[in-house]
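Biologist: Please take me on a close tour of one part of this model, the second largest pocket, and then tell me what else in the chain deserves a look.

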Amino acid sequence: MSGWRPVLASAAGVLLLAGCSSGSGDEPKAQGTPEKSSGASPSASESPVNEPYSLAENRAPRTRAEAVEFVRELDVRPDYFGTGYRKRDPFESDPAEWAVLGDDCLWRRETLPGTVLASLTRAFELPAKDGKGPVYVSLTVTVHQDVVAARRDMAGSLEEALRCPEQQLNATDRVRGLYSRVDAFADARSVISDDDLTETGDWLTEGGTAHPFDWSKFRLGPVTVAATARHGSGRSKAEDSTVTTDMAKGVSFVAADIDRQGKAGDTGDASATPEPTGTKGAGQ
């Protein structure tokens, strides 16, 4: 496996900031961070420093129909990931399928198992510009049958990098040198979720050179949120780091929406609390 990457450390730092920041004047003022749609800036009492975003099992979707409605109603906007992003075509996956890493280390779309109610991937891109190649970002929200199933999925994801340090994403794209990090609850972790994973490596297209690849996955009760970023060519290390942290910010907005819906007691109510003030593959 590849050694520790500064970009991964940067993402971890952003995750910590995301959970611990409060009040106005933080990340929403940064370029590319979406503006709040409604509500006032949260106070310290509304955003406890050590309380992770989560979704209580008794407030989560219980049927496949409810789960599909839940994942479709989550607002995932292109500008969550930075300025200039747009939807890719196709934009959404079939919520009755998800990505599975086979024994041959090839990712395939398969029908959901009985322990998963819905899984929806949305795809975005930052188009090529000024000699810099495009960046591809995907975000997947998966509703599991219960917390136990979600935790088992997280454990399986951690094992995948060990089992397959090189993975074939599709007919032309692959990732290699994957390095995983897991931060246990109450350890040096973020408070974005109940538990989380981050992974970095190199992304290669057929006949092309290697570029950075980032993957993050978070669990909020029985729901998991995963995101990947495939970096385009022509970027400096600082610009690549920005791609990673911007992806993390987008994940934090989705995690906050899930947490908000759970606290509202209605998976369709997105107005109970304001948007977060902070920040943060396989398309899992």
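Modeller: Happy to! The second largest pocket holds about 510 Å³ of space, in what is, please bear in mind, a predicted model. Its lining is made up of 18 residues, and T83, Y85, L126, K132 and R235 are the ones closest to its centre. Which element gives the largest share of that lining? Helix α4, residues 237–264, does, with five residues. By class, the lining counts seven charged, six nonpolar and five polar residues.

Helix α4 is a good thread to follow from here into the interior. The largest nonpolar core comprises 37 residues, and L139, V141 and I258 have the most contacts inside it. At least two core residues come from each of α2 (64–73), β4, β5, β9 (211–220), β10 (223–230) and α4. Among these, α4 supplies the largest share of the core, eight residues. Helix α4 therefore gives the largest share both to the pocket lining and to this core. As a general rule, nonpolar side chains in soluble globular proteins tend to be buried together.

To place these parts in the whole chain, here is the overall layout. The chain has four helices and ten strands, and their order from the N terminus is α-α-β-β-β-β-β-α-β-β-β-β-β-α. Buried residues make up 51% of the 284 in the chain. The exposed surface is about 12300 Å², with carbon and sulfur atoms supplying 50% of it.

Next, the backbone has some spots you may want to check for yourself. Most residues other than glycine have a negative phi, and most peptide bonds are trans. Where does D130, with its positive phi near 55 degrees, sit in the chain? D130 belongs to the loop between β4 (116–126) and β5 (135–144), and the two strands flanking that loop are among the contributors to the nonpolar core. With a relative accessibility of 68%, over the 50% cut-off, D130 counts as exposed.

C105 is another residue that is not a glycine yet has a positive phi, about 65 degrees. C105 lies in the loop between β2 (97–101) and β3 (107–111). Is C105 buried or exposed? Its relative accessible area is 16%, which is under the 20% cut-off, so C105 counts as buried.

C105 also has a covalent partner. The model contains one disulfide, formed by C105 and C164, whose sulfur atoms are 2.0 Å apart. This pair ties together distant parts of the chain, 59 residues apart: C105 in its loop between β2 and β3, and C164 in the loop between α3 (147–163) and β6 (167–168). Because the torsion about the S-S bond is about -80 degrees, the disulfide is left-handed. Both of its cysteines are buried.

One more backbone feature remains, at P90. The peptide bond that joins D89 to P90 is cis, and its omega is near 5 degrees. P90 itself is part of strand β1, residues 86–92.

If you return to the pocket now, I would begin with T83, Y85, L126, K132 and R235 around its centre, then follow α4 from the lining to the eight residues it supplies to the core.

Definitions and conventions:
Residues are numbered from 1 along each chain as its sequence is written. This is a predicted model: local features need pLDDT of at least 70, side-chain atom pairs count only at pLDDT 80 or more; totals for chains, interfaces and linings use all residues. Side-chain values use heavy atoms; hydrogens and water are left out. Buried means under 20% relative accessible area, exposed over 50%, partly exposed in between (1.4 Å probe, protein chains only). A disulfide is a pair of cysteine sulfur atoms within 2.5 Å. Accessible areas come from the Shrake-Rupley method with a 1.4 Å probe; for residues, only the protein chains shown count as cover. On a 1 Å grid over the protein atoms alone, a cavity is a set of points where a 1.4 Å probe fits but cannot get out, and a pocket is an open set with protein on both sides within 12 Å along at least five of seven lines; lining residues have an atom within 4 Å of a point. Grid points are joined across faces, edges and corners, and a volume is the space filled by probe spheres set on the points. Ala, Val, Leu, Ile, Met, Phe, Trp, Tyr, Cys and Pro count as nonpolar, Asp, Glu, Lys and Arg as charged, and the others, Gly among them, as polar. A nonpolar core is a set of buried Ala, Val, Leu, Ile, Met, Phe, Trp, Tyr and Cys residues joined through side-chain atoms within 4.5 Å.
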